[in-house]
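Hi everyone, thanks for making time for this. I'd like to walk you through one model today, and please stop me whenever you want a second look at something.

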Amino acid sequence: MVKLSGGCNCGLVRYELDGQPIRVGICHCETCRKGSGSAFSYFGIWPRGSATLSGELGCWQSRAGGERFCLACGSPLFCWAEGSDEIEIKLGTLDSPPSALMPTYELWTIRRESWLAHQKGAEQHTRDREQPGT
């Protein structure tokens with residue numbers, strides 16, 4: 001069984017994941033941009049039960065659910081909606097490079113930067129494909 005681990009910048013929050021993600025994606029929405037400090041967010045979805053978390057987390061509510069972060073260093077790490085059986089992991093927080101975790105879909109591509117090529121083979125949101133300039 002695949003076991004991955006990761007954590008925040010200061011090391012006070014750690015996690016372990018059992019198994020492969022259900023899906024891996026990229027999101028270009030404003031919330032993800034601001035939360036990651038980048039042009040997009042790169043994340044994986046696992047069954048909530050396969051994630052073991054340790055450390056104290058802060059939380060703020062976004063449309064996707066509760067965005068969890070380290071209270072000490074502020075690193076964004078996870079997102080889950082109350083009652084959901086899935087957890088979103090910010091893949092840049094893994095200990096080992098996540099190059100094997102290839103995105104299979106993109107969200108909010110209408111906000112993708114023009115200089116950023118889309119992920120080849122990644123499913124595009126139907127609504128986004130219908131917008132001019134994508």
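I'll start with confidence and the overall layout, then go through the strands, two single residues and the pockets.

First, please keep in mind that this is a predicted model. The mean pLDDT of the protein chain is 86, and 86% of its residues reach 70 or more. Where is confidence lowest, and where is it highest? The low end is helix 2, residues 126–129, with a mean of 58, while the high end is strand 2, residues 14–18, at 97. So much for confidence; on to the layout.

The protein chain holds two helices and eleven strands. If you read along the sequence, the pattern is β-β-β-α-β-β-β-β-β-β-β-β-α. Of the 134 residues, 41% count as buried. If you take the contacts with a separation of 6 or more, 52% of them are between residues 24 or more positions apart.

Let's look at strand 4, residues 41–47. Five of the seven residues of strand 4 are buried, so the strand is largely enclosed by the rest of the structure. Which strands pair with strand 4? One partner is strand 3, which runs antiparallel to strand 4 and is paired with it over five bridges. In that pairing, arginine 23 has isoleucine 45 of strand 4 as its bridge partner. Another is strand 9, also antiparallel and joined to strand 4 by five bridges. There, phenylalanine 43 stands opposite lysine 90 in strand 9. Hold on to lysine 90, please, as that residue comes back with the pockets.

Now move along to strand 7, residues 65–70, where five of the six residues are buried. Strand 6, residues 57–62, runs antiparallel to strand 7, and six bridges join the two. They form a hairpin with two residues between them. To find your way on the screen, look for glutamine 61, which stands opposite glycine 66 in strand 7.

Strand 7 is also joined to strand 8, residues 76–80, by four bridges, and these two run antiparallel as well. Here arginine 68 has phenylalanine 78 in strand 8 as its bridge partner. The hairpin of strand 7 and strand 8 has five residues between the strands, and glycine 74 in that hairpin takes a positive phi near 85°.

Staying with phi for a moment, most residues other than glycine have a negative value. Tryptophan 108 is a residue other than glycine with a positive phi, near 55°. Where does tryptophan 108 sit? You'll find it in the loop between strand 10 and strand 11. Is tryptophan 108 buried or partly exposed? Its relative accessible area is 22%, and buried would need a value under 20%, so tryptophan 108 counts as partly exposed.

Compare that with serine 62, which belongs to strand 6. Serine 62 has a relative accessible area of 15%, under the 20% cut-off, so this one is buried. Leaving out residues up to four places away in sequence, serine 62 touches Thr31 and Glu67. Its C-alpha atom is separated by 9.8 Å from that of cysteine 32, 30 residues apart along the chain.

Last topic, the pockets. The largest pocket holds about 510 Å³ of space. It is lined by 25 residues, and the closest to its centre are Cys27, Arg63, Ala64, Glu88 and Leu107. Several elements supply at least two lining residues each, among them helix 1, strand 4 and strand 9. What is the lining made of? There are 13 nonpolar, four polar and eight charged residues.

The second largest pocket has a volume of about 400 Å³. Of its 23 lining residues, the closest to the centre are Gly35, Ser36, Ser75, Pro76 and Lys90. So here is lysine 90 again, the residue that phenylalanine 43 stands opposite. Which element gives the most to this lining? That would be helix 1, with four residues. Strand 4 and strand 7 each supply at least two. By type, this lining divides into nine nonpolar, eleven polar and three charged residues.

That's my tour. I'm happy to go back to any part of it.

Technical notes
Residues numbered from 1 in each chain as written. Predicted model: local features only at pLDDT ≥ 70, side-chain atom pairs only at ≥ 80, totals over all residues. Heavy atoms only, no water. pLDDT = per-residue confidence, 0-100. Buried < 20%, exposed > 50% of the residue type's maximum accessible area, 1.4 Å probe, protein only. Pairing = 2+ DSSP bridges. 1 Å grid on protein atoms, 1.4 Å probe; cavity = no way out; pocket = protein on both sides within 12 Å on 5 of 7 lines; lining within 4 Å. Points joined across faces, edges and corners; volume = space filled by probe spheres on them. Nonpolar A, V, L, I, M, F, W, Y, C, P; charged D, E, K, R; others polar. Contact = heavy atoms within 4.5 Å.
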